[in-house]
Amino acid sequence: MLLLLLATAPGWAQQPAAPDTRSLPPTPGLGPAPVLSPQATPAEKAAYARQLAERTRQRWNYLLTDSLMRTKVFNTAPNALLVETVQGLSPGTALDADMGEGRNALYLAQHGWQVTGVDIAEKALAFAQQRAHQLHVPLTIEVHDMATYDWGTSKWDLIVLSYAGGRDYAARVAQALKPGGLVVLEAFHMEATTRLPVTDGDYRVFFNTNELPKLYGAAGLKIVRYEEPLAPADFSKETLRLVRLVAQKPNR
């Protein structure tokens, strides 16, 4: 679920910056953003990436566990597209990429799925694990950056990318899914940047028209569902242009 206001390392698609119309409150103790010189050396670029990753970890540990933010900004119910997609499916193994505080992972676990949630925000993961104990459901958590995480090969029946990017994941998703497995992805359409802040130039949860079906189709997945609706977003609760994708790895 991470990445709406996230920055970890360079490499996301560059897009023209749009004027911000609102912003979230500052993260306590975060401090000013680092600045990368145009003449930066490889070592300086690597240090800059580490600084951004640490800012991301601190920001999301705060945002995803703060009670006011959870009440006012973030949806605590499971993603509607995910709920619709798994209805009637036999539970299997599921990977929740950038799981955050675990709303989707916990929903799946309550319905019999064997869920692994991965995130860099260790406090958000601990929050999810505590909720799993309270609900008496198993949940595996791993503190890791999805960019360097080992997704595995033919390992998952379901991969969830809920406001967690996906532009750079298509090939890894295709490899990691079992034959017949599904990926469920929801994020923002690029149009939403006219109303949402884009922190540190990170556009990984914003997608152009028809970008996702092209990416995941080219990776060998069958596009089961794709739409770009105006709908309430899980992150922000505002009605915005979204992108929604369900794709399946063919049985072979």
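**Exercise 1. Find which residue of strand 5 stands opposite Ser-162, then work out how strand 5 is paired.**

Start with the register: Ser-162 has Glu-186 of strand 5 across from it. Strands here, like helices, are DSSP runs numbered from the N terminus (strands E, at least two residues; helices H or I, at least four). One thing to keep in mind is that this is a predicted model, where local features need pLDDT of at least 70, side-chain atom pairs count only at pLDDT 80 or more, and totals for chains, interfaces and linings use all residues. Residues are numbered from 1 along each chain as its sequence is written, and side-chain values use heavy atoms, with hydrogens and water left out.

Next, the partners. Two strands pair if DSSP finds at least two bridges between them.

- Strand 4 runs parallel to strand 5, with six bridges. To get from strand 4 to strand 5 the chain passes through helix 6, a right-handed β-α-β crossover (right-handed: with the strands pointing away from the viewer, the path from the first strand over the helix to the second runs clockwise).
- Strand 9 (residues 239-248) is antiparallel to strand 5, and seven bridges join them. Look for Leu-185 opposite Leu-245 here.
- Strand 6 (residues 206-207) is parallel to strand 5 over two bridges, with His-189 facing Phe-207.

Last step: how enclosed is strand 5? Ten of the 13 residues in strand 5 (177-189) are buried, so the strand is largely enclosed by the rest of the structure. Buried means under 20% relative accessible area, exposed over 50%, and partly exposed in between (1.4 Å probe, protein chains only).

**Exercise 2. Track down the salt bridge of Arg-103 and say which parts of the chain it ties together.**

The cut-off comes first: a salt bridge is a side-chain nitrogen of Lys or Arg within 4 Å of a carboxyl oxygen of Asp or Glu. The structure has nine of them. Arg-103 meets Asp-234 at 3.0 Å, N to O. Arg-103 sits in helix 4 (residues 103-110) and Asp-234 in the loop between strand 8 (230-232) and strand 9, so the pair ties together parts 131 residues apart in sequence. Both Arg-103 and Asp-234 are buried.

Now check what else comes up to Asp-234. The C-alpha atom of Thr-76 is 8.2 Å from that of Asp-234, though 158 residues separate them along the chain. Thr-76 belongs to the loop between helix 2 (67-72) and helix 3 (80-86), and its 45% relative accessibility makes it partly exposed.

**Exercise 3. Work out which network Glu-227 and Arg-244 belong to.**

Begin with the pair: their side chains form a salt bridge of 3.4 Å, N to O. Glu-227 comes from strand 7 (residues 222-227) and Arg-244 from strand 9, 17 residues apart. Glu-227 is partly exposed at 24%, whereas Arg-244 counts as buried at 15%. Then follow the shared partners: Glu-84, Glu-186, Arg-225, Glu-227 and Arg-244 join into one network.

**Exercise 4. Classify the ring pair of Trp-151 and Tyr-169.**

Rings of Phe, Tyr and Trp (its six-membered ring) pair if their centres lie within 6.5 Å; planes under 30 degrees apart are stacked, over 60 edge-to-face, and the rest tilted. A search of the whole structure gives four aromatic pairs. For Trp-151 and Tyr-169 the centres are 4.9 Å apart and the planes at 55 degrees, so this pair is tilted. Both residues are buried. Elsewhere, Tyr-163, Phe-188, Tyr-203 and Phe-206 make one aromatic cluster.
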